[in-house]
Amino acid sequence: MLSATQGMLGLASGVLVGFSLGLVGGGGSILAVPLMVYVVGVPDAHVAIGTSAIAVAANAAVNLSNHARGGTVRWSCALTFAAAGIIGAFVGSIFGKMLDGQKLLSLFALLMIVIAVLMLKTRSRVGLPDVRMNWTNMPAIVGLGLATGTLSGFFGIGGGFLIVPALMLATGMSIMNAVSSSLVAVTAFGLTTAASYAWSGLISWGLAGLFVAGGIAGGLIGTGFARHLSARRGALNTVFATVIIAVALYMLVRNISLSWA
């Protein structure tokens with residue numbers, strides 16, 4: 001049972017997660033897990049990972065509707081990418097549950113830093129307008145979708161900060177279109193991972209509900225900021241990379257000593 005204080009902290013944490021998803025299409029799970037463990041007080045890292053998966057998937061679905069109304073989702077690319085990734089997410093989640101939760105987070109923090117550096121190198125790229133899936137880019141979309149889904153399932157995260165650069169690499173779309181389109185895959189991967197963790201009894205449903213409620217408000221705010229920043233070349237890429245680096249360093253500082261003790 002959650003105490004009243006834990007409930008309030010869970011709601012506030014959900015706002016931050018929703019804001020991250022609305023702003024950069026990612027970072028939700030990596031923010032949600034440390035918030036659940038260190039702020040709300042969830043003692044089991046795997047329960048935090050499983051709960052974050054369902055909460056982030058729901059928040060991503062809400063944020064997706066906000067972006068879809070703005071016409072920035074590239075559906076043909078997004079749906080194909082997500083479909084391929086669902087298979088990988090299911091397989092990855094099986095292996096992820098076999099590893100210690102703290103070690104998973106520490107290892108992923110290192111990967112986050114690599115992704116952030118790659119994003120900063122392409123921060124001024126405008127991207128191609130009106131990207132659609134075709135026979136030329138379909139192999140890259142399917143291949144990167146499968147690989148990203150596997151990593152998302154293995155680490156128990158939505159994987160937005162992997163999905164965004166993967167979509168840009170596969171199709172050449174802009175950062176704004178990639179952020180919007182990534183939410184399709186974040187939703188799909190999160191639900192797939194959550195189903196695997198729920199089967200193992202590793203989800204706190206009450207806490208997940210509070211995260212979703214807070215995330216709806218945070219997502220609306222984040223989506224508004226994303227549209228504003230997309231007008232400035234490279235601004236959203238820079239914010240995206242900064243968020244990744246900041247969270248990665250936080251996770252390393254808090255978890256590396258526990259992971260390898």
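Select helix H4 first, residues 75–96, since this tour of a predicted model begins at the nonpolar patch, to which H4 gives the most, with five residues. Then add helix H5, residues 101–121, which likewise supplies at least two residues of the patch. To see the whole patch on the surface, select Ile87, Phe90, Val91, Ile94, Phe95, Met98, Leu99, Leu107, Leu110 and Leu146, which together have about 900 Å² of accessible area.

Next, pick out Leu99 alone, which sits in the loop between H4 and H5. Is Leu99 buried or exposed? Its relative accessibility is 33%, and because buried means under 20% and exposed over 50%, Leu99 counts as partly exposed.

Now hide the patch and show helix H3, residues 45–69, together with helix H8, residues 175–199, whose axes lie 7 Å apart and which pack at an angle of about 145 degrees. The crossing of these two helices, H3 and H8, is left-handed. To look at the residues that meet there, select from H3 a set including His46, Gly50, Ala53, Ala57, Ala60, Leu64 and His67, and from H8 a set including Met176, Ser180, Leu183, Thr187, Gly190, Ala194 and Tyr197.

Finally, return to the protein chain as a whole, where the secondary structure comes to 10 helices and zero strands. Of its 261 residues, 55% are buried, while the chain exposes about 10,600 Å², with carbon and sulfur atoms supplying 73% of that area. If contacts are displayed between residues at least 6 apart in sequence, 86% of them join residues at least 24 apart.

Key:
Residues are numbered from 1 along each chain as its sequence is written. This is a predicted model: local features need pLDDT of at least 70, side-chain atom pairs count only at pLDDT 80 or more; totals for chains, interfaces and linings use all residues. Side-chain values use heavy atoms; hydrogens and water are left out. Patches are made of residues with over 30% relative accessible area and no salt bridge: like charges are joined within 9 Å, nonpolar side chains (Val, Leu, Ile, Met, Phe, Trp, Tyr) within 5 Å. Accessible areas come from the Shrake-Rupley method with a 1.4 Å probe; for residues, only the protein chains shown count as cover. A salt bridge is a side-chain nitrogen of Lys or Arg within 4 Å of a carboxyl oxygen of Asp or Glu. Helices (H or I, at least four residues) and strands (E, at least two) are DSSP runs, numbered from the N terminus. Buried means under 20% relative accessible area, exposed over 50%, partly exposed in between (1.4 Å probe, protein chains only). Axes are lines fitted to C-alpha atoms, for helices over the stretch in contact, and angles run from 0 to 180 degrees between N-to-C directions. A crossing is left-handed if the near helix is turned anticlockwise from the far one by less than a right angle, and right-handed if clockwise. Contact means heavy atoms within 4.5 Å.
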